[in-house]
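Please look through the sequence and the model shown here, and then read the report that follows, which moves from the whole chain to its sheets, its helices and two loop positions.

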Amino acid sequence: MAEQGRCCDLAALGEQGGAPPWEKSLGTYIGCFSDDGHERTLKGAVFYDLRKMTVSHCQDACAERSYVYAGLEAGAECYCGNRLPAMSVGLEECNHECKGEKGSVCGAVDRLSVYRVDELQPGSRKRRTATYRGCFRLPENITHAFPSSLIQANVTVETCSGFCSQKEFPLAILRGWECYCAYPTPQFNLRDAMDSSVCGQDPEAQRLAEHCEVYQTPVQDTRCTDRRFLPNKSKVFVALSSFPGAGNTWARHLIEHATGFYTGSYYFDGTLYNKGFKGEKDHWRSRRTICVKTHESGRREIEMFDSAILLIRNPYRSLVAEFNRKCAGHLGYAADRNWKSKEWPDFVNSYASWWSSHVLDWLKYGKRLLVVHYEELRRSLVPTLREMVAFLNVSVSEERLLCVENNKEGSFRRRGRRSHDPEPFTPEMKDLINGYIQTVDQALRDHNWTGLPREYVPR
């Protein structure tokens, strides 16, 4: 029925005469589809742009990740996938203009304008390629563990990755001439890699062995990408509190994908909203989000919350991260001139004490806390995230946690070249910071928490 409705709509459009505005793009317009948001078909990549969304922008993002379809919704939202939504609707229901392109159609509320991505736009980034994950022992039941397969002579990494990408699987697995597609599962979790030489045999010998080569395809693990606001207002008002630069945005990414619910923010950051943090626009006291980001540390601001996850990161790392953000945004690095100017020592002198007072205030005034060390979250992601999710009173499957682990970096990892000296701290700065580290470490122990990770000091 969806296919028939789409043909009729396109035929009716052709009778109107004149080229529709979407023909300016290099993709083919497929039609307007219903998207109720509960179980999206196009959920492989998601981002928003309240001011600059265009059809080409969305198509490029999907093409780069090897998706076939790009869907635009509500004028500013972009979704990607390899299967069309089930229900097509009349073209007139997609009536929102793209925020960054007058005359182009970008869906509507719960309506997707869907384009087939035919090719990359000129000047766009190249398509992503498969990434080698390692050599692993095959699970006992291959048929159960690997839902899809391709068996042919001379199968290559590119062939296997393309096959699995088209089927929206994040893992492409090679054993000799056999190609399998899969998700990480408890039986095949990619945590026990073997020496790569074990897999480095000729294809026939490899086929008889119990090992396989695993590659990450360009598409996302979509088992944990669907997110929504809480169906009912939360009775417990939870903060996700940290000093700036301590990984709050990354923690929000993990929490949202683990729980399936948006996080909120005490502030509004358009850059974060555009990267998919839809709760950024919601009022921070709406109680429609699973927790609320805050860097505040005064008694009044702390006692507004019923409970909090207190995220702590090594102050040396936090100070560098926040200085980079202040000078060059979420994804950039401060320039050499910033590090060599008076700006950097002034920043350390004022912000180092804030790192300490932030933790001390939350330990003193917080009503119910879960202390999470950024370094432990990095080192032992799934067990630590499991604790955080339990603290938020949400039940999560092991498969969803493995999906988060597979998508763990999100969109906010700094890229490019660091321009500053990797050790920008003077002996005087180190003395100052180490004193604050000792104070916080003792305060945590006094409140019956584990002290700071040992790698914090000495420097």
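## The chain as a whole

Of the 459 residues in the chain, 55% are buried. The model is a predicted one, and its chain holds 15 helices and 18 strands. Among the contacts with a separation of 6 or more, 76% are accounted for by residues 24 or more positions apart.

## The antiparallel sheet

Six strands, in the order β2-β4-β3-β8-β1-β5, form an open sheet whose pairing is antiparallel. The edges are taken by β2 (46-48) and β5 (88-89), each of which pairs on one side only. Helix α2 (residues 55-64) packs on this sheet, where it touches β2, β3 (69-73), β4 (77-81) and β8 (111-116), and its direction makes about 140° with that of β3.

At one edge of the sheet, strand β1 (residues 28-34) pairs with β5 in the antiparallel sense over two bridges, and C32 has V89 of β5 as its bridge partner.

## The parallel sheet

A further open sheet is formed by five strands in the order β15-β16-β14-β17-β18, and here the pairing is parallel. Its edge strands are β15 (264-265) and β18, each pairing on one side only. Within the sheet, β14 and β17 run parallel and are joined by five bridges, with S241 having L310 of β17 as its bridge partner. Strand β17 (residues 307-312) is in turn joined to β18 by five bridges, again in a parallel run, and the bridge partner of L310 in β18 is V371. L310 is thus a bridge partner both of S241 and of V371.

Two helices can be placed against these strands. Helix α11 (residues 343-365) lies across β14, β16, β17 and β18 and runs at about 150° to β17. Helix α13 also packs on the sheet, touching β14, β17 and β18, and its direction makes about 160° with that of β18.

## An enclosed edge strand

How many of the five residues of strand β18 are buried? Five of the five residues of this strand (residues 369-373) are buried, so β18, although it is an edge strand that pairs on one side only, is largely enclosed by the rest of the structure. In a regular strand the side chains alternate between the two faces of the sheet. In β18, L369, V371 and H373 point one way while L370 and V372 point the other way, and all of them are buried.

## Helix α14 and its packing partners

The buried residues of α14 are R400, L401, L402, C403, V404 and N406, and they pack against β9 (131-137), β11 (171-175), β13 (211-216), α6 and α13. Two packed helices are described by the angle between their axes and the distance between the axes. Helix α13 (residues 381-391) and helix α14 (residues 398-406) pack at an angle of about 120°, with their axes 10 Å apart, and the two are therefore oblique to each other. The crossing of α13 past α14 is right-handed. On the α13 side the contact is made by L381, V382, L385 and R386, and on the α14 side by E398, L401, V404 and E405; by class, these are five nonpolar, no polar and three charged residues.

The axes of α6 and α14 come within 9 Å and cross at roughly 150°, and α6 likewise passes α14 in a right-handed crossing. This contact is made by L254, E256, H257, A258 and T259 of α6 together with R400, L401 and V404 of α14, and its residues divide into four nonpolar, two polar and two charged. L401 and V404 of α14 therefore appear both in the contact with α13 and in the contact with α6.

## Two loop positions

G245 lies in the loop between β14 (238-242) and α6 (248-259). Leaving aside neighbours within four places in sequence, G245 is in contact with R313, R317, S318, A321 and E322. From G245 to A321 the C-alpha to C-alpha distance is 4.9 Å, although the two are 76 residues apart in sequence.

S297 is found in the loop between β16 (292-294) and α8 (299-303). Is S297 buried or exposed? With a relative accessibility of 14%, S297 counts as buried, because the cut-off for that class is under 20%. Beyond its neighbours within four places in sequence, S297 is in contact with I302, W354, H358, D361 and W362.

How values were computed. Residues numbered from 1 in each chain as written. Predicted model: local features only at pLDDT ≥ 70, side-chain atom pairs only at ≥ 80, totals over all residues. Heavy atoms only, no water. Buried < 20%, exposed > 50% of the residue type's maximum accessible area, 1.4 Å probe, protein only. Helix = DSSP H or I, 4+ residues; strand = E, 2+ residues; numbered from the N terminus. Pairing = 2+ DSSP bridges. Axes fitted to C-alpha atoms, helices over the stretch in contact; angles between N-to-C directions. Parallel < 35°, antiparallel > 145°, perpendicular 65-115°, else oblique. Left-handed = near helix turned anticlockwise from the far one by under 90°. Contact = heavy atoms within 4.5 Å. Nonpolar A, V, L, I, M, F, W, Y, C, P; charged D, E, K, R; others polar.
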